[in-house]
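Colleague: Please choose one part of this model and take me through it closely, then set it in the context of the whole chain.

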Amino acid sequence: MAAKITFFSVGCGDMTLIRLADFDVTTILIDSNIRVAADDPSDSTPDVAKALRKRLLKDDKGRPFVNVFLLSHPDKDHCTGLSNHFWLGDPDEYPDDRLPDGEKRIIIRELWSSPMVFRRHSKNHTLCADAKAFNAEAWRRVEHWQLYRSAIVGNQILIMGEDEDGKTDDLVSILIKCGDTFSTINRNSASSAYFSARLLAPMPRQEDDEVEETLSKNHSSVILNMEIFASQNSSSRTRFLTGGDAEVEIWRRLWTQNKDNSDVLAYDLLLAPHHCSWHSLSPDSWSKYKEDAEVCPDARSALGQARAGATIVSSSKEILDDDVDPPCIRAKREYKAILKPVDGVFLCTADEDPSETLEFEIKSGGTLVRAGVGLLGITSSAVATAAPRAGHLNE
Ligand SMILES: [Zn+2]
């Protein structure tokens, strides 16, 4: 089966599923924004929970699962629905076996969590109930690891980035340090034939309190540049750069750190940060300064390493020519300017209405192909297929 990347239509929020091309159909879900309104058939909110479940396998006990759930950062629009739709607890205590399939909570085999992102977020925000539930589950898994130094699926965790004051120093074998590349999923290296990822952020705690405060205020998020292979050990690899709601100062610093090795930021597919917010490209307010607002050249460079035929996706509501931010029309224009020289394409999940997803397949040769019907906005390098939207596990 081809590798796939699915963006669910969740309004201004994120929810992205990556399916690897391996025999086990490994799945990585980044964020969740499953709104209660979607449960009401008379409401127009797309039923993304149903669309997600269609794409997941069940284990030998009939429990649906994702191999990985990554929380980019604990904002409500990135973790809504976690407690309702996912089992956050010991897999031995899973309580849903007698429920109908559609009501069984989804097992998370491995959690990818960043304590530093939580720490920075908590300085300026109160955690919502789903974020608190995720945090409690992350701590349960860390404590399990500290006790047993091993973990079966359902108890596994990888920590994204060092925590402050050496708090993660004794967790080396479950810690991915900022700048590291990793390719193991569920403590199994078989995935390295199909996937790798470089952790670009969160940066470790900064000595300078002012800098640290700036990182906190810029929506510190886990930023990964993934390589998703078209097939086993294929040299055809699609780069997917995803960074939650990270804002301008974080991208500016990433460029400063990596401008002599800009390939670490190069992408074929970019999830426009913070739902196509102007604040990922500029420190100036869009509604206040309008066309006088200035782009930060370094942040633009960090987000501007588009490879030939690249695609940028805005996971947001419709982008209108108004004062709203996010999504911001000026940011969309900037991304389109980035894409123009590489013959790329800009898409928005809201443009897919009333569909639940915007979906891509990675074909041999590494070409990113739009799944579903239609040729809207497709560049010369991306060819639409007539594949159906559901039942992909049988393809
Ligand atoms: Zn957000």
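Modeller: Contact, on which every remark about packing below rests, means heavy atoms within 4.5 Å, and helices (H or I, at least four residues) and strands (E, at least two) are DSSP runs numbered from the N terminus. The model is predicted, with local features needing pLDDT of at least 70 and side-chain atom pairs counting only at pLDDT 80 or more, while totals for chains, interfaces and linings use all residues. Residues are numbered from 1 along each chain as its sequence is written, and side-chain values use heavy atoms, with hydrogens and water left out.

The part I have chosen is the zinc site, together with the helices beside its donors in the sequence. The protein donors of the zinc ion (N, O and S atoms within 2.8 Å of the metal, or 3.2 Å for Na, K and Ca; water is not among the atoms, so sites may look incomplete) are Asp77 through OD, His78 through NE2, Asp245 through two OD entries and His275 through NE2, at 2.1 to 2.8 Å from the ion. Along the chain these donors follow the spacing D-H-x166-D-x29-H. Asp245 sits in the loop between β13 (237-242) and α7 (248-258), whereas His275 belongs to helix α8 (residues 273-276), so this pair ties together parts that are 30 residues apart in sequence.

Both Asp245 and His275 are buried, a word used here for under 20% relative accessible area, with exposed meaning over 50% and partly exposed in between (1.4 Å probe, protein chains only). For His275 the relative accessibility is 2%, and this residue of helix α8 also has a positive phi of about 55 degrees although it is not a glycine. Cys276, likewise placed in helix α8, has a positive phi of about 65 degrees, again without being a glycine, and its relative accessibility is 0%, so Cys276 counts as buried. As background for these backbone values, most residues other than glycine have a negative phi, and most peptide bonds are trans.

Helix α7 follows the loop that holds Asp245. Eight of the 11 residues of α7 are buried, so the helix is largely enclosed by the rest of the structure. Those residues are Val248, Glu249, Ile250, Trp251, Arg253, Leu254, Trp255 and Asn258, a list in which charged side chains appear beside apolar ones. Their packing partners are β11 (195-201), α6, β12 (223-229), β13, α8 and α10 (297-302); the helix that carries His275 is therefore one of the elements against which α7 packs.

Two of those partners, β11 and α6, are joined by a loop that contains Pro202, and the peptide bond from Ala201 to Pro202 is cis, with omega near 15 degrees. Pro202 is in turn one of the residues in contact with Met160, among them also Leu70, Trp112, Ile176, Phe182, Leu199, Val222 and Leu224, once neighbours within four places in sequence are left aside. Met160 lies in strand β8 (residues 156-160) and is buried, with a relative accessible area of 0%. Its C-alpha atom is separated by 7.1 Å from that of Val222, although the two residues are 62 apart along the chain.

Strand β8 and helix α6 (209-217) are also among the elements that meet helix α4 (residues 115-124), the buried residues of which pack against β7 (106-113) and α5 (129-148) as well. In α4 the buried residues are Pro115, Met116, Val117, Phe118, Arg120 and His121. Helix α6 thus appears both among the partners of α4 and among those of α7.

A second cis peptide bond joins Asp325 and Pro326, with omega about -10 degrees, and Pro326 is placed in the loop between β15 (306-314) and α11. In helix α11 (residues 329-339) lies Glu334, a residue that is buried with a relative accessible area of 14% and that is in contact with Leu281, Val295 and Arg300, sequence neighbours within four places aside.

As for the whole, the protein has 11 helices and 18 strands, and its C-alpha trace spans about 60 × 55 × 45 Å along the principal axes. Buried residues make up 58% of its 395 residues, and among contacts with a separation of 6 or more, 67% come from residues 24 or more positions apart.
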